[in-house]
Amino acid sequence: LRDVDDMQRLVDAFLDFTKGASEGVPEKVDVIRMVQQVVADAERMGKNVHLVESEGEGRVMLNALAMRRAVENLLGNATQYGTRAEVSVVLTEKSLRIRVEDDGPGIPEAKRMEALKPFSRLDPSRNQNRGGGVGLGLAIVNDVARAHGGVLRLGKSDRLGGLRADIVIGR
């Protein structure tokens with residue numbers, strides 16, 4: 001039964017990956033409100049997630065379903081490998097930045113590019129005791145960011161000490 005459950009999880013993750021940024025259509029999105037909703041959903045599920053900054057206003061042309069999935073994946077990773085996550089959204093005339101930071105072990109700089117590849121699992125650098133995915137979460141986020149003309153940047157969180165993941169999209 002565990003093998004069947006693992007296989008179902010792999011198939012579901014792969015289907016999410018193949019949908020990627022192609023699911024849904026671009027529309028004007030109130031990004032701050034969308035992120036507030038994703039954070040509220042995570043909090044209702046008992047996750048230690050907080051929106052710590054939202055700056056700017058306006059709507060951005062985005063594929064809302066894909067971007068929501070990207071933010072949910074980042075929060076899922078942050079709470080799986082850390083004990084808390086902080087989210088910030090900064091919207092300027094020229095760019096949108098959605099940042100998720102956690103207090104987990106992070107990803108070593110030398111492995112960050114590898115972490116963006118499909119089916120890449122970096123369990124030695126991320127806590128295996130908290131469970132593991134199939135290695136598609138960051139690949140999905142990366143594809144969504146690129147489909148919007150943006151980039152996913154991984155770094156070390158100065159605030160919490162774990163991973164910092166930024167989705168940055170030009171406007």
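Me: Is Arg159 buried or exposed?
Reply: The general idea is a cut-off: a residue is called exposed when its relative accessible area is over 50%. In this predicted model, Arg159 has 52% relative accessibility and so counts as exposed.

Me: Which residue does the side chain of Arg159 meet in a salt bridge?
Reply: A salt bridge is read from a distance, with a Lys or Arg side-chain nitrogen within 4 Å of a carboxyl oxygen of Asp or Glu. Here the partner is Glu86, at 2.7 Å from N to O. The two residues come from distant parts of the chain, 73 residues apart: Glu86 belongs to strand S4, and Arg159 to the loop between S6 and S7. Glu86 has a relative accessibility of 11%, so it counts as buried.

Me: How many salt bridges does a search of the whole structure find?
Reply: The search gives 7. One of them joins Arg68 and Glu72, with 3.0 Å between N and O. These residues are 4 apart in helix H3, so about one helical turn separates them. Arg68 is partly exposed at 22% relative accessible area, and Glu72 is partly exposed at 36%.

Me: What about Arg164 and Asp166?
Reply: They also form a salt bridge, and their closest N and O atoms are 3.6 Å apart. Arg164 is partly exposed, at 21% relative accessibility. Asp166 is buried, at 5%.

Me: Which residues are joined into one network by salt bridges that share partners?
Reply: Asp41, Arg44, Arg68 and Glu72 are joined in this way.

Me: How many strands form the open sheet, and in what order?
Reply: To read a sheet, follow which strand pairs with which. Here 5 strands form it, in the order S2-S4-S5-S7-S6, with mixed pairing. S2 (49–55) and S6 (151–156) are the edge strands; each has a single partner strand, so one side of each has no neighbour in the sheet. From one strand to the next, the twist averages 15°.

Me: Which helix packs on the sheet, touching S2, S4 and S5?
Reply: That is helix H2, residues 31–44, whose direction makes about 170° with that of S2. Helix H3 (residues 64–81) lies across S2, S4, S5 and strand S7 (163–170), and runs at about 25° to S5.

Me: How many bridges join strand S4 to strand S5?
Reply: A bridge links a residue in one strand to a partner in another, and two strands pair if there are at least two bridges between them. S4 (residues 85–91) and S5 (residues 95–102) are joined by 7 bridges and run antiparallel. Within S5, Ile98 is the residue opposite Val89.

Me: Where is the bridge partner of Leu152?
Reply: The partner is Ile167, in S7. S6 and S7 run antiparallel, with 6 bridges between them. Their hairpin has 6 residues between the strands, and there Gly161 takes a positive phi near 90°.

Me: Which residue takes a positive phi just after H5?
Reply: Gly149 does, with a phi of about 75°.

Me: Which residues in helix H5 are buried?
Reply: Burial uses the lower cut-off, under 20% relative accessible area. In H5, which covers residues 137–147, the buried residues are Leu138, Ala139, Ile140, Val141, Asn142, Val144 and Ala145.

Key. Residues numbered from 1 in each chain as written. Predicted model: local features only at pLDDT ≥ 70, side-chain atom pairs only at ≥ 80, totals over all residues. Heavy atoms only, no water. Buried < 20%, exposed > 50% of the residue type's maximum accessible area, 1.4 Å probe, protein only. Axes fitted to C-alpha atoms, helices over the stretch in contact; angles between N-to-C directions. Contact = heavy atoms within 4.5 Å.
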